[in-house]
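The following paragraphs lead the reader through selected parts of a structure. Please keep the sequence and the model in view while reading.

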Amino acid sequence: MSAKTLSILAAVFLAFVGTFLAGMWTTYKEWWPWQKVSEAQTAWRSFRATGLFLQADTFARRKPDVPDERYVVHDAAAAAPGYMVINRFDGPTKTYHLDLLDDDGNVVNTRPIDYSRIKDGGSPGEFAHIATMLPDGSVLVVWDDAPGMARLDACGDPVWAKTDQIYHHSIERGVDGYWTWQSAIWNGGEDQRMIRFDPETGEILESIDLIDDVIAKSPANRLAMVVPEGYKFDRTTHYGDRADIFHPNDLEELMPEMAAAFPQFEAGDLLVSMRNIDQLAVIGRKTGEIKWAQYGPWQHQHDADFQPNGTITVFSNNTDRFRSSIIEVDPKTGQAHDLFDGTGLSFDSFIMGKHQHLKNGNWQITSTIQGRVLEVTPEGRIVREYNNILDDTYNTLVLYSEHLDPGYLTTVPQCAK
């Protein structure tokens, strides 16, 4: 073999090795070439399944025992009266909508949750995680992955909007205003603040910095947040630059009417959920002290709630275990149990999810990935359900739902356009 031939073969071999290593590196770093290949694979899989080009995890196959109808009442006498609010993904248009349903399942108002209406150049299909309804029928919205929080009217147009920061994961009512998480760059970064805002105007009324006002307060707080001595926080990290060490995804104020059931806490204290360390914690709002923290048995949890009986309940996603659960814990003793263990009730959402304890004792459960909302009795019996039907086989996401008691709405929203 001549020297020239060897040189050519060596060059081809080195080019092959270089291309292989470059491909491996872009895959490892999730850079642009790999992202595009991955997006193409996802689009093709979704098209084969549904005939639509959809993002990953926006659709799921309905189980055999799930109705093929959008709204089904199994026991009208046992269902809680009132409206159902559904924040859903619409597969055919690849956009997000909020529907208001009456007791019969009729949609009495629907509106787009369209990010392009609050930010020039924004995508109409930007992921809309939470949309909660105010008594006048307007809704508060956060987008999680894009800077923005807004109040939208009955037509989906902004009453006010803020696009200065990332507002994410949770909107919960407090005594004076509403609470959400705020971050400068992305919702999993280390720069996190608990903020209270005025729903009428969007004005920030209070801000509690997770690093400065909680973790730095004491070694005990740092230990509770699983932050080792000497760890250097970086508030400037972007997605993929560094591990998401907390992933805060819920924030709720202990209301005065419930405070007597929690003598170890004070009215105004804040219940938080840190998904990536499987932690629920109660933070003293006045002092920044972590008064209570527990890590599991919930796993990758969402939507922790104070309950009137002195317990805390949480949606445990149980990622990779194929069955989610609602877990109740007594913060005085640490004892916890699955509310529906042994009932046969089955739902599964490896991310997101919500639960709501209703006045009649029932529970409304949002199984986000399954695109399903269930109202169930304490015994786990389904009395009514909603499925975000895409076609004969698949549902698409229901990101959030809530039940509104009779009398909550001062006005049933109507779009005059």
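The model shown here is predicted. A convenient place to begin is with the aromatic rings, whose pairs number 12 by the rule applied here. One of these pairs joins phenylalanine 47 and phenylalanine 53, with ring centres 4.7 Å apart. Their planes meet at 15 degrees, and because planes under 30 degrees apart count as stacked, this pair is classed as stacked. How exposed are the two partners to their surroundings? Phenylalanine 47 has a relative accessible area of 34% and is therefore partly exposed. Phenylalanine 53, with a value of 46%, is likewise partly exposed.

A second pair is formed by tyrosine 178 and phenylalanine 197, whose ring centres are 6.3 Å apart. The angle between these planes is 35 degrees, and the pair is tilted. Tyrosine 178 belongs to strand β11, which covers residues 178-183, while phenylalanine 197 belongs to strand β12, which covers residues 193-197. The two residues are 19 apart in sequence, and their pairing links distant parts of the chain. Are these partners buried or exposed? The relative accessible area of tyrosine 178 is 10%, so this residue is buried. Phenylalanine 197 is also buried, at 0%. Elsewhere, ring pairs connect Phe89, Tyr96 and Phe127 into a cluster.

Tyrosine 178 also leads to the next residue of interest, since proline 199 touches Tyr178. Proline 199 is situated in the loop between β12 and β13, the latter spanning 204-209. With a relative accessibility of 12%, proline 199 counts as buried, because the limit for that class is under 20%. Leaving aside residues up to four places away in sequence, the contacts of proline 199 also include Leu134, Leu140, Arg151, Trp160 and Gly177. A further point of reference is tryptophan 143: 56 residues separate it from proline 199 in sequence, and the C-alpha atoms of the two are 16 Å apart in space.

The final stop is another loop residue, glutamine 307. Where does glutamine 307 lie? Its place is in the loop that runs between β18 (302-306) and β19 (312-316). Glutamine 307 has a relative accessible area of 6% and is therefore buried. When residues up to four places away in sequence are not counted, glutamine 307 touches Met258, Phe262, Thr313, His355, His357 and Trp363. Proline 199 and glutamine 307 can thus be viewed together as buried residues, each placed in a loop between two strands.

How values were computed
Residues are numbered from 1 along each chain as its sequence is written. This is a predicted model: local features need pLDDT of at least 70, side-chain atom pairs count only at pLDDT 80 or more; totals for chains, interfaces and linings use all residues. Side-chain values use heavy atoms; hydrogens and water are left out. Helices (H or I, at least four residues) and strands (E, at least two) are DSSP runs, numbered from the N terminus. Buried means under 20% relative accessible area, exposed over 50%, partly exposed in between (1.4 Å probe, protein chains only). Contact means heavy atoms within 4.5 Å. Rings of Phe, Tyr and Trp (its six-membered ring) pair if their centres lie within 6.5 Å; planes under 30 degrees apart count as stacked, over 60 as edge-to-face and the rest as tilted.
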